[in-house]
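Thank you for letting me take a few minutes this morning. Please bring up the model, and I will walk through a few places in it one at a time.

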Amino acid sequence: MSKSTTPHVAAQIDPAGVSLGELHALQLQRLQWTINHAYANVELYRRKFDEVGVSPSDLRALEDIRRFPFTTKSDLRETYPFGMFAVPMSQVSRIHASSGTTGRPTVVGYTRGDLDRWADLLARSLHASGVRAGMKVHNAYGYGLFTGGLGAHAGIERLGATVIPMSGGQTARQVQLIRDFEPDAIMCTPSYLLAIADVMEKEGFDPSATSLKVAILGAEPWTNEMRHEIERRWGIDAVDIYGLSEVMGPGVATESARTKDGPHVWEDHFLPEVIDGESGAALHDGAWGELVFTSLTKEAFPVIRYRTRDLTRLLPGTAFPAMRRIEKITGRNDDMIILRGVNLFPTQIEELVMGIETLTPHFILELRREGRMDSLTVRIERHPDLERGVCESAAAVLQQRIKVHIGTTVEVRLAEPGELPRSDGKYKRVYDHR
């Protein structure tokens, strides 16, 4: 591996005060460094650039990034475990990896500098979410190879707040520590925060009476309807934090608690694009498509035009004017269900569920093949405090709304309270039995 000068990243910019011109100049400097660093030190990038006839010298403006090839998850699996690392292993301070449930896990590495920048960006994200130094933060993201727990942990400490490193699981103990330790904020997945609320209410406690003021939630798609349900039950602000391990981990983009209008991308460290998922063509800001990221300051694991599969659009900045926002992520290319010619996403059904007060947010989708046709069953837990007849009427309303709003016929079947699986990490909505 050749030596390449680390980009000048010591001085952190003020995301609320930087001008667009200053940001673009910084992005170009860092992007040129990243392209050179990746080409010099990662064989896969060198091969892919050469195959399409581009070189680092072709990067003269930010728009020139469109000339370079995409990186996909299959590239990361092809180079498993350490083929995407751009520094010697002696410089790698930490390794994270995906679960690998659908194949080889994707493995990412971090230098000491990468970890410092990650902590800085998490601290910036927490501050944007309303967390301040001296507050207590209950961290219920999973620790270990998953980036959520340790990534959030470092950011909480970097901000000067107190971290409660609970990790995921042990929901009854989560309830106990929230009541006993009186944290100001909590970090976890949105579905798990609802599961904690269920247990708390079952034990006779009111979630809205706790000390919590804000929840920083991510790691799975969730709708504004789920946000409203969380805020109603807990009496808090619920804000969205976005990230993925291949790009860094949590803290790539974050919502402001003041605006709650979609996560702002920290564009001094990540260059976002939105592309047409079929053709790969770059789309203009405001158009819906697949989100793509290029890292600007990562040393151990630079990523060039990484296809996230997340569906969104880029919007102008509000709380941080120079930093663009992404529309709240509510679906992925690979989450889409095609049912008898109709495209639907689990979050579309979630949105309809949240609009019916007599339904609970706990549901799963089961796909089956009946003859030559696919069928979809929505299994949803009935409300524990309502008569079954009321819940059956609500299920019938949901079935009708799915047909009207999504355009396909499904079966809605009631489950008993607590019958469906819970998760302390990413919640699995779809069970494909075909």
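Let me begin with a single side chain: a polar atom in the side chain of asparagine 41 lies 3.0 Å from the backbone oxygen of histidine 37. Please keep in mind, as we go, that what you see is a predicted model. Asparagine 41 belongs to helix α1, which covers residues 20-41, and because its relative accessibility is 6%, under the 20% cut-off, asparagine 41 counts as buried.

Now to a pair of helices. How do α4 and α5 pack, and at what angle? Helix α4, residues 112-128, and helix α5, residues 147-159, have axes 7 Å apart and pack at an angle of about 75°, which means that α4 is roughly perpendicular to α5. On the α4 side the contact includes Trp118, Leu122 and Leu126, while among the residues that meet them from α5 are Ala152, Ile156 and Leu159. If we sort the residues of this contact by character, 9 are nonpolar, 4 are polar and 3 are charged.

My last stop is helix α8, residues 224-234, where the buried residues are Met226, Arg227, Glu229, Ile230, Glu231, Arg233 and Trp234, so you will find charged side chains such as Arg227 and Glu229 in that list as well. And what covers them? The cover includes the helices α6 (171-181), α7 (190-202) and α9 (346-354), together with the strands β6 (214-217) and β7 (237-244). Just after α8 comes glycine 235, which takes a positive phi of about 65°.

Notes:
Residues are numbered from 1 along each chain as its sequence is written. This is a predicted model: local features need pLDDT of at least 70, side-chain atom pairs count only at pLDDT 80 or more; totals for chains, interfaces and linings use all residues. Side-chain values use heavy atoms; hydrogens and water are left out. Axes are lines fitted to C-alpha atoms, for helices over the stretch in contact, and angles run from 0 to 180 degrees between N-to-C directions. Helices (H or I, at least four residues) and strands (E, at least two) are DSSP runs, numbered from the N terminus. Angles under 35 degrees count as roughly parallel, over 145 as roughly antiparallel, 65 to 115 as roughly perpendicular and the rest as oblique. Contact means heavy atoms within 4.5 Å. Buried means under 20% relative accessible area, exposed over 50%, partly exposed in between (1.4 Å probe, protein chains only). A polar contact is a pair of N or O atoms within 3.5 Å; within protein, one must be able to donate a hydrogen and the other to accept it, and residues adjacent in sequence count only if both atoms are side-chain atoms.
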